[in-house]
Every structure is written in C-alpha cells, then in structure tokens.
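Please open the model in the viewer and display the backbone as a cartoon. The tour proceeds by selection, beginning with a single element and ending with the whole chain.

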Amino acid sequence: MSNETEKNLFYENKNQYSSLSETDKKNMAAYSSEYRSFLDMSKTEREFAVNAQKYLETNRFVPLSSKDSLKAGDKVYTVNRGKGIVAAVIGSEDITNGTSIVGAHIDSPRLDLKPNPLYEDSHFAYFKTHYYGGIKKYQWTTIPLALHGVATLQDGTQIQISIGEEDDDPTFVISDLLPHFAKDQMQKKLAEAIPGESLNIILGNIEGKDCGEDVKEKVKYNILNLLNEKYDICEEDFISSEIEAVPAYKARDLGFDRSMVAGYGQDDRVCAYAALRSVADVKKPKYTAICLLVDKEEIGSVGNTGMRSRYFENVLAKIVDKSVENYNDIKLRDTISNSICLSADVCAAFDPNFPEASEKRNASLVNGGIGVMKYSGSGGKSGSSDANAELMAQIRKIFNENDVKWQSGELGKIDGGGGGTIAGFVANLDMDVVDVGVPILSMHSPYEIAGKLDVYMAYKGYKAFYER
C-alpha cells in the first residue's frame, strides 16, 4: 500500500491549527484584527459597498468608466446603486479565454423599518419592522439594536443615519414577555412564539412639551421632533428611506484562546471581505481577476442589485469591450463560458450542541479550513448547481499547492433542511462554479461565530485562485 493510499484511508475533516506555519499564524492574527474592524464599520450592504470602494481606491483601483481601454495590470471597479461592487484586475491572458471570479453577497439578515413605521401605543413610541432574510425571530428580542441607513428626501438629498453604535448613543430594543406571564407563549413552537408583527422597536416614552391638546400621540410627536432636529427629516420621508435595525454588538475575539471571531453579519461579509482583500493584493494575474459583491442573496438574489439581475453581465461586457479589438457578443459569451467562479458564501459548521443536524463525516468544522461544498440545496440537492468533478479537482489542486487549509462538506443532513447561494445563478450564465466559504456557527443569528483559521484561509484561498 502506498503512503498516498494509506493517507487517503484516513481522510477526515479536522482542526488544523496545529499544522499552521508560524508565518500563517502571524498573518492570521493581523488579518483577523483588520477583519473585525471592517465588520464593525460595515453592518449594512450600503456601508460595506462604501467601505469597499474606499479600500479599492486606496489600492489604486479606478472607476471602469474612466478607462477607454484596458491592459494587463489595470485595476478598475464599478458600484451598483450603492449596494454592490465589481472590481477587476486585468490579466495577461486574452480575456475571452476566461476570468477568475470570486462572488460573495454583502447583505445579511436584519430588521427593516416598514414604509410607515412610526406609531404610538400606551405612551410608547415604536418603529414597526419587517424582518429581512431567514431569522429566528425570538433571537431579536431584548438585545441592543442600532439603526443604520439612508433617508432620501423629496429633493434628492440623502441623509445618512447611524445611531446606537457609540458608547454615548442611545440604544434600541424589542421587549419580550417576562417568564412569570409567559405560560401560554412558552407552550408555542419557537417559530410562533414571537410573531413577526410584534418585532416593534421601542423608541421613547416622553411626551412632547410644546404640542397642543389636539395632538393625541404626544410621544410620537416628541420622537418626530427629535428626528427632525438631528436629521432634518419628517414622517413622510420614511417612505423614501432604507433604515435597518442591526445588533449593536461589536465584533470580538471569542474564547480564552482567542481562536474565533464573534460578530454580526459574518454571513456573508467574512467571504466578501476576503474576496475584496485578495483581489486588491493580486499583482499580475494570468486570468483577469474579478471580485463580485452582490446584494439581496438572503431573499433570493432578486432585484437589480441581486445576482439574478443583468448587472454583472453588463459590466463584464464593458470590461471585454475595453480589453479586446472588434468587440462582439460572441467574445462576451466566450469570456463567460470559459470563466470559473468561486461562490464565496459561508457554510454551516458542525455544532456539537446540535449533532443531529449534520452528518458528521461530511460536515465542515470550525478551524478545519475553508469549506468546499460540491453542492448545497436541500433534500435531493434541490436548488443546487452541483459542481462537476473536473472543477473540484482544479480547486483541490490550487489549494493543496498553495498550502491552503481546506475541507469538504455539505449543508446539513439529507432531508434535514438546507439552503442555497448565488452559485445556481452564476451557473445559469454557462459558467463553472463551486461554493467555497467559511464555516459558521449560529448562522443568521445576531452574533455569528467563525474560526480565525478559516477566516484567514478564505483570503489565502481566494488569492491563490486569482493567481492560478
């Protein structure tokens, strides 16, 4: 029996901290610290896009529209309606021979304010919300919340809103029923114990002093006055606003050994940040390296900022047009068909507290390396693009040759649930694609957990792929 055969008899996912080089340990620590800071600054898709644009410009990327033609080494980017980014480093190879794409999403589960959110009940002022993405509603009660977003006034002026993050800011919260009164509530299923319509955020309890007797909702009146003083907005402006309630927690090291990162929005900003950092660090790629950051994945990749829109295809057409002579549609189609994409989305880590949810032999482990998922979907692989064996071999070779710690996995037990990524919509373009992302514990919760080794290996793996 050969050594290689003997080794493969014992293949399994395992914690890989002990196999890290001293250089990787040092780089991992620095990278994780910078990642935590970026995560705290980027709690919404708009904030991530703004900060990503700043980072790209710091690394000498310029708007695609500023270039009449593109040559090897050029760095360009575009912004999609303030909620998405496409960044590219032009390669030396003819672009019609394909590109290297790492695609991630920058939206996360949260609570959105309704178009007409402000009301008063029993001398409390509230915001009504509509939750965004898949959440466990009970997790969002009795935690500190911050408000982030924009209000666009009738004349087009845009007001930036961020309150609840600083130590001297007020915080916001959704109340819950005390255990003494919760006998009926606690008999309900978890999914039903907190109705969506009860996710109402407490704003205040003081009546306005200068309102007349004809004003019936005096606490609401007071809140409107405060909002007008601080942000110069009125009640009607909520209709043209996008304001999100997100956890006010800071990202922190987790554990006595500081081996993990805990923070909000790591699905999927942990992969998006790695894609951004790695494309900025690519020097002279053979194939054009593209970082694709999209919105709306958590609600089906819909809309003109989601992966289902034609935006990416349109941007790629412009890049091809500026990179080749005598552009035509066939050259765009060849570029797409010959490209390879890593769908950079998180995967579910094995949780020893809930072992029944996974098939352990095929579950990714925290700090076991970046997770490679041939397929996602649910029972019967429904909704999955299911990467082909040839692509899996390519990615495995790239990672092994560049000392990228990785592991294979799937998204939970058969018939136990599941989920999807942008991979299926990328595959619909006639492109090879596979899911490669960071394993996450407590996914979609207000405070998710990722292993630092996995966080760093996402960056290292994406960079190796760009430089293939």
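Select helix α6, residues 266-281: 16 of its 16 residues are buried, that is, under 20% relative accessible area with a 1.4 Å probe and protein chains only, whereas exposed means over 50%. Helices here are DSSP runs of H or I of at least four residues, strands are E runs of at least two, and both are numbered from the N terminus. The end C-alpha atoms of α6 are 22 Å apart, which agrees with the 22 Å expected for 16 residues at 1.5 Å a residue; that span is 1.5 Å times one less than the number of residues.

This is a predicted model, in which local features need pLDDT of at least 70, side-chain atom pairs count only at pLDDT 80 or more, and totals for chains, interfaces and linings use all residues. Residues are numbered from 1 along each chain as its sequence is written, and side-chain values use heavy atoms, without hydrogens and water.

Next, select Lys209, in the loop between β9 (201-204) and α5 (218-231). Is Lys209 buried or exposed? Lys209 is exposed, at a relative accessible area of 83%. Add Tyr221, twelve residues away along the chain; the two C-alpha atoms are separated by 9.5 Å.

Finally, select the entire protein chain, which contains eleven helices and 22 strands. Its C-alpha trace spans about 85 × 55 × 40 Å along the principal axes. Of the 468 residues, 52% count as buried.
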